[in-house]
Every structure is written in C-alpha cells, then in structure tokens.
Amino acid sequence: MDLDDDKRAKRRKTQTEDDDDDHHHHQPQPTAMETLPNEIIVDILSRLPITSLVQFKFVCKRWRALTQDPVLADMHLSWKADGNDPCLILHCDFPIRNQLYFLDLSAHNQDKDKVKRLYVPFQATMPEFDVVGSCNGLLCLSDSLYNDALYVHNPFTMDCIELPKSRQYSDQELVFGFGFHPKTKEYKVVKIVYYRNTSSYSRARRTVYPQSDVQIYTLGSSSWRSLGKVSYQFVRRPSEALVNGRLHWVSRPRRYHPARRLISFDLADEQFREVPKPDCGGLNRCNFHLSVLGGCLAAAVYGNYGKLEIWVMKCYNVNESWVKQFTIGAYMPKCLKLNLDRHRPLKIWKTGSNGKVVRVLCLLNSGEVLLEYKNRVLVSYDPKKGKFRDLVFHGLPNWFQTVVHTGSLNWLNTLH
C-alpha cells in the first residue's frame, strides 16, 4: 500500500466513524410513554374519558393495541363506575330516521357543553330502531318496524354484531331486556313474545295476547333458547332497571290480579321472581316508572299536582329497606313554558314514558337528581336546596329519549 492509499483508507475510516456518530445522534430517543411499565400506562389510560381513548388509538399501532387490551376496558369501566358522572345517549326519533347523540357529563370533560352525533353502522338496513338497553358500554337495539332484527353495538369503538333471528309469530307483541351478570360474566338478551293464534278473537278494547314465549340469547352463542311461557303480562317497554344481574319489569293489572307487581329476571339462573314493592300505594296505578339510583333499584311514583316521590330499595329484595329518599315538587322548564302554545307535545315515542311529564334518570356526583322532561329538556334537581336547574347544551336535539350509558372500550370480539 502506498502513501496515497493509506491516506484514503484513513479518510474512509474517519468518515465511517462520523456517520456512526451522526446515526447515534439522530436515533430517536424513547419517549416517556415507552419507558413506563405497561401496568402504569394502563392505569393512566383507564382514567381518561372515552372520547380521549377513542382518539388515542389512532396515534400508533402500539397505542391501538393498548386500547384493545381487555384489562384496560375492565379498569376503565370500574373507574367510570366509581364516583364519576355517566355519559348520556340521546335517542332521537323525530321527524324520520333514528339518530343517536351522546353527551359526557364527567367533570373532567372540557367539551361537555357540546352534544355529538354518533355514527350508526347498521342504519342503512335498520333505519328505525328502539334502544333495548345499555350495559357496560354496549347498546342493544331492536328494529322498531319489523321486530325481527337485533344488534349489539359499542357506539365508541364502532363494534357491532347482528344477533341471529329468533322464532317469529304472525301476531305478536314484544318486551325486551339486555344485561350482564357479574358472576357468570355473560351478556344476555331477553325477548318476551306475547302472541295469539290468528283464529282467536277478542272483544276487548286492548288486544289480548294469551300465549307467551320467553327467548334468551347469550352473546357468543350460536342460537336462541326458549324458556317456555311466562305467567306475567308486562308493560310493553324494555326493562327499565338492571340491578345485581337482574332485569326488572312491572306487570300489567289482570282481571283476577289487579295489583301491579314488580318482577325480576335473574340472568344467572334465568328465573322470574316477584320483588317487594315500596309501601306507597302508587304502584297499583299506572303512574310510576323504575330506574337505578346509586346502584339501587328505585321507583318514581307520580302523585297529585305534579309531585314526584322517589323510593329507593337500599338492600336488594328486602321489603323493609324501601325508603322514600326524595320528594320532588311540580316544575315546568323554561323552554317548555315558552313553547307550550306553539309546539304541542306530539305522540311520537313508541317506547316513551307513557306520556308522563318527567323521567328520573340517575344520581349525579354532586348529589343532584338528573331528570328528563317531556323528551325535550334535561333538568338537575338539588334535593338539599330544593332547586331545579335547566341544563342547556349546544346541539341538543329537539326531541329525544335519554339512556344512561357508560362509555367503554368493550370489544365484542372478546365476548365470543
């Protein structure tokens, strides 16, 4: 090797070393997120609102994989259930084609004054639907036109499955329920079919369906199961309360059983049972509805002059534990006063609150009671001060029915 070759070799070596230095210098440094243990990351993410988590999954593949972790979904659900206000799903059925909106009431949500419309992936095939129920971030929706299609849908992850078809009857009336049992860890849809033979005839003003068939579908299974007949006639609306893995309905009065009954359906052993009613007398008349307040079964009883009593069963299935927790006086929200003459309430709700003025939705973190008036206004009631407050939100639809919901990352493919 001559002198020139030696110099060229040295220059190449120096250049290679410089390139290596540049390579190390420009190598991307690990972010703080990447250096944290996975369990700490999951704990942090579980405290975020659902809207932030939905955006979070679009950042990169690793973050998307995190949002699909069932541990995160479970932690997020438990965190939301522990002292956090829920988000609300607003089901709008006016004037045509159903829409879903959502409103996050959580205190940490900076965008809570805006109502956002949700995309419904199956709307092309089922433009008119009813909300059967909400459970752990999942919605169950039924076809309100033909009564044969059922979907379970997570409105935030966009997961959606259509349930298999069940047995149909030519002349039928349907009552639904949807829920989860914490012990069996199973989601089930309950479909109570009341039907009559086409040859039967009734002179009664209301159509009577003497036959019944209770059908059950467990999410992840291949078909429906029939439990046979049910001896109760329920009011034609979905289960209004899911407590302790049990769905609850109110029975219709019958000729030889005029008193209305409170009936539960245990999603674990699939048995109907009678639940003791509060000792208020009002449940024998058609002037009440069920709800869940603070995890307890509650009955809102309408009294004279617009008064509303809210009874709460503090210890489930114990008759003596019913207490009258709230008495709410008559109230007319401002916007209903202004529009009373111009906009008469229309009978457009197929699964509404039977024409009652007010529905009890839930207890807020502040101790206030959240109410819905005439499918048009959200109102909070402060029981300590006895004061009402109209909740005004940008983008609120003119007509809606409110569903108390917990936004979650629950993935339907983990249920199969």
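1. Let's start with serine 134, which sits in strand 4. Keep in mind throughout that this is a predicted model. Serine 134 comes out as partly exposed, because its relative accessibility is 21% and buried means under 20%. Its C-alpha is 9.3 Å from that of leucine 242, although the two residues are 108 positions apart in sequence.

2. Strand 4 brings us to the hydrophobic interior. The largest nonpolar core has 20 residues, and the members touching the most others are Leu150, Val152, Leu163, Phe178 and Val189. Which elements give two or more residues to this core? They are strand 4 (129-135), strand 5 (138-143), strand 6 (150-153), strand 8 (172-181) and strand 9 (186-195). Another core lies apart from that one, with 19 residues, including Ala298, Val312, Phe326 and Val379.

3. Now for the empty space. How many cavities of 30 Å³ or more does the structure hold? There are three, and the largest has a volume of about 60 Å³. Its lining is made of 12 residues, with Asp148, Ala149, Leu150, Ser166 and Lys191 lying nearest the centre. Leu150 is a name you've already met, as one of the core residues that touch the most other members. The lining is a mix by class: six nonpolar residues, three polar and three charged.

4. On to the charges, where the count is 15 salt bridges. Lysine 188 deserves a look. Its side chain meets that of glutamate 186 in a salt bridge, at 3.8 Å from N to O. Lysine 188 also forms a salt bridge with glutamate 270, and there the closest N and O atoms are 2.8 Å apart. Lysine 188 belongs to strand 9, while glutamate 270 is in the loop between strand 14 (262-266) and strand 15 (272-275), so this pair ties together parts that are 82 residues apart in sequence.

5. Are these partners buried or exposed? Both lysine 188 and glutamate 270 are buried. For lysine 188 the relative accessible area is 4%, so it falls under the 20% limit for buried. Glutamate 186, in contrast, is partly exposed, with a relative accessible area of 33%. If you're tracing contacts on screen, take in Arg225 as well: Glu186, Lys188, Arg225 and Glu270 are linked in a network of salt bridges.

6. A further salt bridge joins glutamate 368 and arginine 389, with 3.4 Å between the closest N and O atoms. This pair also links distant parts of the chain, as glutamate 368 is in the loop between strand 20 (358-363) and strand 21 (369-373), and arginine 389, 21 residues away, is in strand 23 (residues 387-391). Glutamate 368 is buried, with a relative accessible area of 12%, whereas arginine 389 is partly exposed, at 44%.

7. Last, the cysteines. How many disulfides are there? The count comes to zero, going by a cut-off of 2.5 Å between cysteine sulfur atoms. For background, a disulfide is a covalent bond between the sulfur atoms of two cysteines. Cysteine 87 has a relative accessible area of 2%, so it counts as buried. Cysteine 92 is buried too, with a relative accessible area of 6%.

Definitions and conventions. Residues are numbered from 1 along each chain as its sequence is written. This is a predicted model: local features need pLDDT of at least 70, side-chain atom pairs count only at pLDDT 80 or more; totals for chains, interfaces and linings use all residues. Side-chain values use heavy atoms; hydrogens and water are left out. Buried means under 20% relative accessible area, exposed over 50%, partly exposed in between (1.4 Å probe, protein chains only). A nonpolar core is a set of buried Ala, Val, Leu, Ile, Met, Phe, Trp, Tyr and Cys residues joined through side-chain atoms within 4.5 Å. Helices (H or I, at least four residues) and strands (E, at least two) are DSSP runs, numbered from the N terminus. On a 1 Å grid over the protein atoms alone, a cavity is a set of points where a 1.4 Å probe fits but cannot get out, and a pocket is an open set with protein on both sides within 12 Å along at least five of seven lines; lining residues have an atom within 4 Å of a point. Grid points are joined across faces, edges and corners, and a volume is the space filled by probe spheres set on the points. Ala, Val, Leu, Ile, Met, Phe, Trp, Tyr, Cys and Pro count as nonpolar, Asp, Glu, Lys and Arg as charged, and the others, Gly among them, as polar. A salt bridge is a side-chain nitrogen of Lys or Arg within 4 Å of a carboxyl oxygen of Asp or Glu.
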